[in-house]
There are 2 protein chains.
Amino acid sequence: MPKVFVEPIGITLTVDEQENLLDGLVRAQIDIPTDCAGRGTCGKCLVRLGAGELTAPTERELKRIPEKLRAEGWRLACQAYPRSARVSIEVRGTAGQRRILTTSKLTHGASHPAVCTRRVQLEAPTLADKRSDLERLDQGLGGVEVPLHVLQELPATLRDGKWKVTATCYGKRVIDVHPGERERECYGVAVDIGTSKVIAYLFDLRAGALIDQEAVENPQMRYGEDVISRIAHAAQHNETALLAAAVRDGINANLKALYERQDIHVNHVCDMTVVGNTAMHHLALGLSPVGLGQAPFAPAAAEPLTLRASELGIDMNPDGGVHFPPPIAGFVGSDALAVVAATHLAGKKKPSMAIDIGTNTEIALAHDGRVTVTSCASGPAFEGYQIRNGMKAVAGAIERVKITPDGEATEIVTIAGAEPIGICGSGVVDLLAGLVHAGVVDKSGRMQLDHPRVRKGEEGNEYLVTEGPHGDIVFTQHDVRSLQLAKGAIHAGWELLMASLEVPLEQLDTVYIAGAFGNYLDLSAAQYLGLFPPVETKRVAFVGNAAGVGAQMALIDARARKRMARLRDRIEFLDLATDKRFLDVFSSRLGFASD
Amino acid sequence: MPKVFVEPIGITLTVDEQENLLDGLVRAQIDIPTDCAGRGTCGKCLVRLGAGELTAPTERELKRIPEKLRAEGWRLACQAYPRSARVSIEVRGTAGQRRILTTSKLTHGASHPAVCTRRVQLEAPTLADKRSDLERLDQGLGGVEVPLHVLQELPATLRDGKWKVTATCYGKRVIDVHPGERERECYGVAVDIGTSKVIAYLFDLRAGALIDQEAVENPQMRYGEDVISRIAHAAQHNETALLAAAVRDGINANLKALYERQDIHVNHVCDMTVVGNTAMHHLALGLSPVGLGQAPFAPAAAEPLTLRASELGIDMNPDGGVHFPPPIAGFVGSDALAVVAATHLAGKKKPSMAIDIGTNTEIALAHDGRVTVTSCASGPAFEGYQIRNGMKAVAGAIERVKITPDGEATEIVTIAGAEPIGICGSGVVDLLAGLVHAGVVDKSGRMQLDHPRVRKGEEGNEYLVTEGPHGDIVFTQHDVRSLQLAKGAIHAGWELLMASLEVPLEQLDTVYIAGAFGNYLDLSAAQYLGLFPPVETKRVAFVGNAAGVGAQMALIDARARKRMARLRDRIEFLDLATDKRFLDVFSSRLGFASD
């Protein structure tokens, strides 16, 4: 049955061929607007075809869809039926429907993959032409490198195909030759290794289209929640190999799910790009991250590297390539480079900033031809970790809460509408900003015991958010302090970066907020806390997983790899660890008063 | 205890440090001349130092050894004691002492190995210099390629060595980095894969010196005695992989013996060159030889190839290189190229020929800047195979026999003086030439029943050579026919080659006879049969395993690999299979009359 990948939600539906797209979307509980019960008259259930084939537009569609939209590929879901094994569509206005942590509003650009398929008709040997099989292929393809195991199959393949063969090449390397001229399927995967999540995007490289995606928890979580504790673990126990195996397992787990769901053969996946912070980059390569844990924080490798999948134990075509864009510095990884590339920051005419909030927050600022990045250790508090009742953004997490002027918690919204069991990152921001605004937490961060919802808990004062089915959900003094440290570091980061490039606040044009965290955030609350520069709301763009988009750019366009390598060499690094101004600015930004 | 490698015998002695070289040689039953019982007065026990160290020359040596010989490195074995772990010496006049099948009188030339050791002192990272470890090494070595597993060890190695390290490079590829500046041992192995034997020569690449050698029977013998039957086996049973594994096992068996005897670590063997006929070349690479078994006999690969040892499953440093000089044609392998290179045939001023007799006999002729080779299917008869009482050249084989003018067999010499159990190649030539000369076999090859030693056997007439302890040793009519076919093919080969290059017999300057077979041959008997062109005896040079020397040249001098590749492109191939003259010349050379 046809599979329909739905962007930007990032899920795949299996749709009966007798079933139109609207039926499939409704069955999957995706809330798509429709007023005519699927009769094709309201013209609201618009979806845009990305890849694959649908039935031809009906007369009702021709009547209901404006010509401009039709030209862009928009269709009515109620009128369209899948007509290819895989279809990718885009839906509109689905924010809040599901947790979408892996998609982005940025686009991955044009397709020019490193892998290409080439058909050749070679001449058969004769008594007068005894060139070797290898020489024939080499001349037919115009100079290639043939790995031993491909060479070993070559004599039989050439004769099976009566000297007409189709070769799959990774750059100059021939990774497969098969008889005849049928083009094989050819896929690639862009991987973003986050500290807590490993995300994989599956592309059909021939179509240049995203066809599915998958995310798993980073299996390294068992060695520590943050990068520093994992580096310490690797150093103390000499267990680089274990940590490296965990990253590889995470990538392979994603691949397994994608292959099963899409019914793809492992040998047809020929290319991969991998981005991540420098520690993840090192561990994915099996390199010890120990040097990253101590001054002067020199990386083991910071060059663009392309390896064969077999060298890394990645479950794809063993001769396929795995490309690692270069990290920028010890604490600024290739994911930060990918964000700068995906936001096209370096090409902006006006000063622009990109912020990727996470356990380590990277901030990049471009101005007047210069791009400078910095990194601040913000800790995992804004991701819901190390917060008493913090949790990941899954069902039951409080993602929105309003604090009234007298300090009451109202309008509590949980993910999936489930009974509240904890607070995720966006809920934490709402809480902190609301409590500061209401004066329940003062400008220095002290929680006021005289408020009726504040009580003495085991670890100091705590604010009762709500009573959940599994017990009280509280927000503690300690939580406030953790968040203060994080926001102080981030605030100091963008402030010093702007000072370095001499960009006054009023000149700052666009602020791109990357990362899963930003996607569900109340911008005004975040700005109130000083997490982001206080620019007009319209100048802030939440771009989702921009690092993933950078990895996708490099995947589908081999030229982008070179551009990213050159970009990396242009990027300057502002080292807060050695910047004399940092401690002063950091201290003054811990509080909530002077913003 | 020091190990002493003795050339040209090709054995290794273990010598106590208190023991002089003469004691060691005598203990190993090597018959070295001495008249003074080791007192240093007769001056006869001359040996020449090749590699390693001996004690300084004594006063007796200074008195007894002429200055010219001293300058060439000659010493008295009774006065010299080893002073290094490995010593290589050359002895004189030991022909007939042992079966020496693997050495050659040709020399392997100057040393310029593909593997080199380089020490570098790198700068430690500072807060101002955060270049990656990889970048430091790359810049320190001036641009190198670092395999993943070397990169994975690099951070620890650089810090262990306090940024002073020693790298072993195979060309641009770094195959090992270790802390400090101690240079590691570095060995290479030249391999000659014959149809019946796999021979390995172990070199100390730093000294450029041969230190040991080993030979095993080609494990493919179980799939057929000759190349054609093995190709047929591969084709019928689709068993290329099995045949390929057999070659690899043969190489690895040699390596194991060498490593154990010389106490060498597998990782210290970093380079290998492999020559062989085209079928062996293909099978060593795991390539199907099937194309070589049918017209137009196109090889799967005929380019110079350099692979990593790990790709081939060779037991040496996994990142070390294994270089295959190119074969010339379907039936003219890289061993023939190696013979042409080792004899420097292409550079000869006067017309010169090289003949490598085997199951397949390759003949090369150089004249006036052209080099042409041909190949004739001579069968294994001259190697003692497919001869009723034929056997390999081991103890008990009749290697010399004289036939009196009245057809009696006398002066029978067996290898190691053992009781006769069969006849090896050189004995077969003596027998056939003698019987033809005596008229027991007539010019057409018919054995005359009227001779008292000729009787009717199960398969026709047979000549009783001698009565051995295990039964009569006979030479049959069928044996004569097998040898006629072989000699007819060889004779037609060199005759047509000379016709092609328009070289009259009287202009032919030197004939190099390569291969184990030639080493023990009665030249006049062979010439009488027409195996070699009838030039003066002094113009014939038995050069032993010249193919092995070619492999050694390529091993110890990376530049020789390029020279051999260029040489290969220059060499013309005379294809007897399609030459219209062949059948006529072959038929007329079957008999023994018109020579």
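Here is a short chat about a predicted model, taking in a strand, two of its neighbours and two sets of contacts.

Guide: A few ground rules: since this is a predicted model, local features need pLDDT of at least 70 and side-chain atom pairs count only at pLDDT 80 or more, while totals for chains, interfaces and linings use all residues. Residues are numbered from 1 along each chain as its sequence is written, and chains are lettered from A and ligands numbered from 1 in the order in which they are written.

Visitor: Why is strand β16 of chain A called mostly covered?

Guide: A residue is buried if 20 or more other C-beta atoms lie within 10 Å of its own, exposed if 12 or fewer, and partly exposed in between, with C-beta atoms placed from the backbone. In β16(A), residues 360–367, eight of its eight residues are buried, so the label fits. A:Asn360, A:Glu362, A:Ala364 and A:Ala366 point one way, A:Thr361, A:Ile363, A:Leu365 and A:His367 the other, and all are buried.

Visitor: What makes β16(A) a strand?

Guide: Helices (H or I, at least four residues) and strands (E, at least two) are DSSP runs, numbered from the N terminus.

Visitor: How do you know that β15(A) and β16(A) pair?

Guide: Two strands pair if DSSP finds at least two bridges between them. Five bridges join β15(A), residues 352–356, to β16(A), so they qualify, and they run antiparallel. A:Ile355 stands opposite A:Ile363, and a hairpin joins the two strands through three residues.

Visitor: And what pairs β16(A) with β17(A)?

Guide: Eight bridges, again in the antiparallel sense, with β17(A) covering residues 370–377. A:Glu362 stands opposite A:Ser375 in β17(A). This hairpin has two residues between the strands, and A:Asp368 takes a positive phi near 60 degrees.

Visitor: What counts as contact between chains A and B?

Guide: Two residues are in contact if their C-beta atoms, placed from the backbone, lie within 7 Å. By that rule, 35 residues of chain B are in contact with 35 residues of chain A. The largest share of chain B's side, six residues, comes from α5(B).

Visitor: How does chain B's side divide by class?

Guide: Ala, Val, Leu, Ile, Met, Phe, Trp, Tyr, Cys and Pro count as nonpolar, Asp, Glu, Lys and Arg as charged, and the others, Gly among them, as polar. The residues on chain B's side that touch chain A divide into 21 nonpolar, eight polar and six charged.
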